[in-house]
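User: Please take a close look at a single part of this model, and then work outward from there to the rest of the chain. I would like one connected account rather than a list.

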Amino acid sequence: MSSASALVRKRGGSMIWIVTAAGLIALFAVAIVFTRPSSTVDKAGRGNSETGAVSVKGDSLPALADARRDPAVGMSLPEVSGSSFEGTKVTVSNDGVAKVVLVGAHWCPHCQVEIPRLQEWIDRQGMPEDVELVTLSTAADPGQPNYPPSQWLEREGWTAPVIADDVSGTASEVLGTSGFPFFVFVNADGTVHSRFAGELPVDEFASTVATLSNAAPE
């Protein structure tokens with residue numbers, strides 16, 4: 001083999017190594033993009049985190065298969081702590097207050113129907129003082145419609161506190177979410193009263209909330 005041929009082979013090998021290294025760097029950059037928490041900026045210029053870290057204490061609820069035979073009824077609701085889109089800490093815990101946890105996703109058409117319908121009822125009727133409504137925004141995906149969830153809920157005038165779930169949907173999973181929207185009604189003693197998956201008629205929502213309120217200790 002001539003010295004010129006050896007030089008060409010050496011240079012060719014170097015080029016292959018350089019191209020391979022460049023490819024690995026590009027893949028690493030893509031991985032960073034996809035694992036970085038999604039965020040946006042609202043009209044006032046404030047940064048909103050569409051996903052956030054959450055922590056859970058207690059046993060997970062089983063996935064809901066049949067609301068009429070829900071094995072989670074009577075179980076203690078696991079404590080879920082996280083942050084709002086603006087970074088304010090929000091916690092769902094057994095603090096002696098009855099609760100409704102509403103799990104929703106921005107791209108879910110049923111959630112897009114349910115949120116304004118419930119907000120209209122809240123504006124007209126108001127939640128009882130002894131029942132707290134908390135929202136869990138989960139499954140945030142910039143590739144799906146109606147993104148970002150923070151701006152969607154702001155447009156709807158949604159007044160309930162919101163926890164931004166993490167990218168893995170940890171909080172949603174521990175609640176046994178089986179569809180969107182998903183409701184978890186919780187007694188004042190911290191046990192599950194009932195759960196429901198799908199659009200819930202306002203009158204049924206209101207009657208269940210009233211049951212929780214009537215059962216709350218004075």
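Analyst: A residue is called buried under 20% relative accessible area, exposed over 50%, and partly exposed in between (1.4 Å probe, protein chains only). The model is predicted, so local features need pLDDT of at least 70 and side-chain atom pairs 80 or more, while totals for chains, interfaces and linings use all residues. Residues are numbered from 1 along each chain as its sequence is written, and side-chain values use heavy atoms, without hydrogens or water.

The part chosen is β9, residues 182-186. Strands (E, at least two residues) and helices (H or I, at least four) are DSSP runs, numbered from the N terminus. Five of the five residues of β9 are buried, so the strand is largely enclosed by the rest of the structure. The cover is found on both faces: Phe 182, Val 184 and Val 186 are buried on one side, and Phe 183 and Phe 185 are buried on the other.

What runs beside this strand? β6 (98-104) is one partner, antiparallel to β9 and joined to it by five bridges. Across this pairing, Phe 183 of β9 has Leu 102 opposite. Another partner is β10 (residues 192-197), also antiparallel to β9 and also joined by five bridges. Here Phe 183 faces Phe 196 of β10, and Val 186 has Val 192 of β10 as its bridge partner. β9 and β10 make a hairpin in which five residues lie between the two strands. In that turn, Gly 190 has a positive phi of about 90°.

These pairs belong to an open sheet of five strands in the order β8-β7-β6-β9-β10, with mixed pairing; two strands count as paired if DSSP finds at least two bridges between them. The edges are β8 and β10, which have a single partner strand each, so one side of each lacks a neighbour in the sheet. On average, neighbouring strands of this sheet are turned by 15° against each other, direction ignored. Helix α2 (109-124) lies across β6, β7 and β9, and runs at about 150° to β6. Such angles run from 0 to 180 degrees between N-to-C directions of lines fitted to C-alpha atoms, for helices over the stretch in contact.

Two residues of β9 also stand out in the largest nonpolar core. A core is a set of buried Ala, Val, Leu, Ile, Met, Phe, Trp, Tyr and Cys residues joined through side-chain atoms within 4.5 Å. This one has 28 residues, and Val 100, Trp 158, Phe 183, Phe 185 and Phe 205 touch the most other members. Two or more residues each come from β6, α2, β7 (131-137), α3 (149-155), β8, β9 and α5 (202-215). Another core, of 20 residues, lies apart from this one and includes Val 80, Val 103, Val 134 and Phe 182. Contact here means heavy atoms within 4.5 Å. Beyond neighbours within four places in sequence, Phe 185 is in contact with Lys 99 and Val 100, with Thr 191, Val 192, His 193 and Ser 194, and with Leu 200, Phe 205, Thr 208, Val 209 and Leu 212.

Away from this sheet, β3, β4 and β5 form an open sheet of three strands, in that order and with antiparallel pairing. β3 (55-57) and β5 (89-92) are at its edges, each with a single partner strand, so one side of each has no neighbour in the sheet. The twist from one strand to the next averages 15°. Three bridges join β3 to β4 (residues 79-83), where Glu 79 is the bridge partner of Lys 57.

The loop between β8 (162-164) and α4 (170-174) holds Val 167. Val 167 counts as exposed because its relative accessibility is 64%. Its C-alpha lies 9.3 Å from that of Glu 50, although 117 residues separate the two in sequence.

For the protein chain as a whole, the secondary structure comes to five helices and 10 strands. Of its 218 residues, 40% count as buried. Among contacts with a separation of 6 or more, 71% join residues 24 or more positions apart. The pLDDT, the predictor's confidence in each residue from 0 to 100, averages 83 over the chain, and 77% of the residues score at least 70. Residues 1-39 fall below 50, and this stretch has 12 contacts in the model beyond near neighbours in sequence. Residues 41-47 also stay under 50, with nine contacts beyond four places in sequence. Where pLDDT is low, predicted coordinates should not be read in detail.
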